[in-house]
Protein chains: 2
Amino acid sequence: MGKVRVHMMMSLDGYAAGPNQGPDKPFGDNVENFLDWAFKLKSLREMLGMEGGETNPSDTVMRETASNLGATVMGRNMFGGGPGPWPQPAWNGWWGDNPPYHTPVFVLTHHPREPLTMQGGTRFFFVTDGAEAALEQAKEAAGDKDVRIGGGANVVNQYLRIGAVDEIELHIVPIIIGGGARLFEGLEDARPRLEVIRTVATPEVTHVKYRILK
Amino acid sequence: MGKVRVHMMMSLDGYAAGPNQGPDKPFGDNVENFLDWAFKLKSLREMLGMEGGETNPSDTVMRETASNLGATVMGRNMFGGGPGPWPQPAWNGWWGDNPPYHTPVFVLTHHPREPLTMQGGTRFFFVTDGAEAALEQAKEAAGDKDVRIGGGANVVNQYLRIGAVDEIELHIVPIIIGGGARLFEGLEDARPRLEVIRTVATPEVTHVKYRILK
């Protein structure tokens, strides 16, 4: 069995996204410099079909993040297309015709929809019977490989709450966002216990990977 | 002129202390393993008049933290003695007859009190005319040395809000506290801009020091 992994960018005040997220700004307001370090990396640029980029310690971390994944689970907000019933014309995600997943992706939603097959091996499945069911389907699809809980923050918090996560890696970016979607919320009565696996620090971002003790 | 510095322990979910702080538990509930790394260090043990301790990268960080300080500012809650008018018999702080400050310490309070002289050069002054006045007095007392904003979280947030802090160092401990006194709260309309100065990582704690850009 593979692991259930989380890899999230987090501001110093704990946010994974700012306030007022929307189609024109998937990370919301107040996120100046939140993404810059990532878009410089060769690994991320390759993943998004862009040229160039730096190879540096963060690049190595991001390559590792993307390796050995057999499936991803994400929330409806991360898939996008606004809340509520699916819009017409169909919203097929933020990522164009060839999304950077190349595996099955299970999207948590209250609104049923037929599976959506994209280029490059990404297939989106829309799961309406809850977080645990979605994770079970993702594990089955992943086989021996790992499942990534892709986000957003609320979805990660939900899986942390039920003790379903094996590893969490934070890319801690030195900015204060001040509001929005916060990681580690709602865990007062279900506090995960953590152990540091590895730290990679650069002036732009601190990558810390934790094992969650069971 | 010296710098205005902050050095705070912070949980992964942003807390400097848990819920239900009180005389028997200055850091509140849910803080298992929050302090362990610090109490192992030779520098901290020396400061508290205790024997032994490890010398390791965290120890070096803590020695640097304690050096070149000319004065400290702290909140009434950090000084202790409960909220409201000063109790009888007098509460003289958590730290015994010889507190680990050895400089003037300015305590923010609504309740006037005569200065309190302790052993080893620590003198507590009780400031009733606000945070800016306390910082001015601390700067004057510190001369060319630095002023430390000692805490707690609310006091640090107050000084961050008015742009009075030059450096902030976080000792990020891999625990989830889930509630209590949170750093970086109330800054949505006064977000500090930060730059990493230095990172020291161990399995027990991640020390990251930031310069606050003006």
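B:Leu108 sits opposite B:Val127 of strand 6 in chain B. Keep in mind that we're looking at a predicted model.

That residue pair belongs to a parallel match-up: strand 4 (residues 104–108) and strand 6 (residues 123–127) of chain B pair over five bridges. Strand 6 of chain B also partners with strand 5 (residues 116–117) of chain B, this time antiparallel and with two bridges. Here B:Thr117 is the residue facing B:Arg123 of strand 6. Strands 5 and 6 of chain B form a hairpin with five residues between the strands, and B:Gly120 takes a positive phi near 80 degrees there.

Here are the two pairings side by side.

| Strands of chain B | Sense | Bridges |
|---|---|---|
| Strand 4 and strand 6 | parallel | five bridges |
| Strand 5 and strand 6 | antiparallel | two bridges |

Now for the interface. On the chain A side 28 residues are in contact with chain B, and they meet 28 residues of chain B. Together the two chains bury about 2,400 Å², with carbon and sulfur atoms giving 58% of that area. A:Leu12, A:Ile176 and A:Arg191 supply 28% of what chain A buries against chain B, more than any other three residues.

What about charges? The rule finds four salt bridges across the interface of chain A and chain B. The side chains of A:Arg182 and B:Glu185 meet in a salt bridge, at 3.1 Å from N to O. Eight residue pairs are in polar contact across the interface. Strand 10 (193–201) and strand 11 (206–213) of chain A each supply at least two residues to the side touching chain B, and strand 10 gives the most, with four residues. By class, that side of chain A has 17 nonpolar, five polar and six charged residues.

Terms used. Residues are numbered from 1 along each chain as its sequence is written. Chains are lettered from A and ligands numbered from 1 in the order in which they are written. This is a predicted model: local features need pLDDT of at least 70, side-chain atom pairs count only at pLDDT 80 or more; totals for chains, interfaces and linings use all residues. Side-chain values use heavy atoms; hydrogens and water are left out. Two strands pair if DSSP finds at least two bridges between them. Contact means heavy atoms within 4.5 Å. Buried area is the accessible area (1.4 Å probe) that two parts lose on being put together, summed over both. A polar contact is a pair of N or O atoms within 3.5 Å; within protein, one must be able to donate a hydrogen and the other to accept it, and residues adjacent in sequence count only if both atoms are side-chain atoms. Ala, Val, Leu, Ile, Met, Phe, Trp, Tyr, Cys and Pro count as nonpolar, Asp, Glu, Lys and Arg as charged, and the others, Gly among them, as polar.
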